[in-house]
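Biologist: Could you take a close look at one lysine for me and tell me what its side chain is doing? Here is the model.

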Amino acid sequence: MVKKILLFSVYILLGLFASAQRIYVWCPPETGLSSPNDKLKGFNINVVISDTRTIIDTTKVECSSQNLIDIIANTVVSTYPSAIINILDSSQYKQAGEENKITIKIAISAYHSASGTDVSTAIGNPEGNFNWGILPKNKWNSVAGFHVVIDDFRTDEHKTLTRNIANIVSRPNIGGSLTAKKALYEAYREANKELLYFIETTIK
């Protein structure tokens, strides 16, 4: 009898865990996010990207952390072809910036979809105070966000500027995961647009 009760308890816990981990991730499209321009021409820039999301159950994840990092890095490089951009390994994220260079640190705090407030379980907290607002309980919520730090070490007067970027798109819980996928792409496009704008208006 005791054994049956224990097994029943395990099934309940597994069920609760599964229901709380319905996090969906698809790779964002790599085209149409930005157009190449001559901004940042000649600037020598290091870029390091880190993923701070906390996705435990990856059964619905179709885009790995490294795939997402590579897409963001490729977007930055392709947008500013006239700049000298060096993509650093994620392990160097917490290291100090290099002298005589600009270092851009991008921490991925969110890029995923979930039903209702489940989406909050995977949001990372990379030293940023994000305001995601109210998350509707009965809708698909798709979030994309970055904590961006730009360290300017070109002179003795080191400068550091930061920006928290948080975008959420909510849609009625119909159409299945296709609705969530479209909303995630929309959230990412807006976050990416704000990321690039912050970079090109900060570095001068």
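Modeller: Sure, let's go with Lys105, which sits in strand β3 (residues 102-115); helices (H or I, at least four residues) and strands (E, at least two) are DSSP runs, numbered from the N terminus. Keep in mind that this is a predicted model, where local features need pLDDT of at least 70, side-chain atom pairs count only at pLDDT 80 or more, and totals for chains, interfaces and linings use all residues. Residues are numbered from 1 along each chain as its sequence is written, and side-chain values use heavy atoms, with hydrogens and water left out.

Lys105 is buried but has no salt bridge. Buried here is under 20% relative accessible area, exposed is over 50%, and partly exposed is in between (1.4 Å probe, protein chains only). A salt bridge needs a side-chain nitrogen of Lys or Arg within 4 Å of a carboxyl oxygen of Asp or Glu. The nearest side chain of opposite charge to Lys105 is Asp151, 4.3 Å away; Lys and Arg count as positive, Asp and Glu as negative, and His and the chain ends are not counted.

So what does the side chain of Lys105 reach? The backbone oxygen of Tyr93, at 3.0 Å. The backbone oxygen of Gln95 is also there, 2.7 Å from a polar atom of the Lys105 side chain. Beyond its neighbours within four places in sequence, Lys105 is in contact (heavy atoms within 4.5 Å) with Val48, Tyr93, Lys94, Gln95, His147, Val148, Val149 and Asp151.

Other charged side chains do pair up: a search of the whole structure finds 7 salt bridges. One of them joins Lys39 and Glu200, with the closest N and O atoms 2.9 Å apart. That pair links distant parts of the chain, with Lys39 in the loop between α1 (2-20) and β1, and Glu200 in helix α3, 161 residues apart. Lys39 is partly exposed at 44% relative accessible area, while Glu200 counts as buried at 18%. Asp51 and Arg53 also meet in a salt bridge, at 2.7 Å from N to O. Arg53 is buried, with a relative accessible area of 12%, and Asp51 counts as partly exposed at 21%.

For the wider setting, the chain has 3 helices and 5 strands, following the pattern α-β-α-β-β-β-β-α along the sequence. Of its 204 residues, 42% count as buried. Strand β3, the home of Lys105, is also among the elements covering the buried residues of α2.

Terms used:
A polar contact is a pair of N or O atoms within 3.5 Å; within protein, one must be able to donate a hydrogen and the other to accept it, and residues adjacent in sequence count only if both atoms are side-chain atoms.
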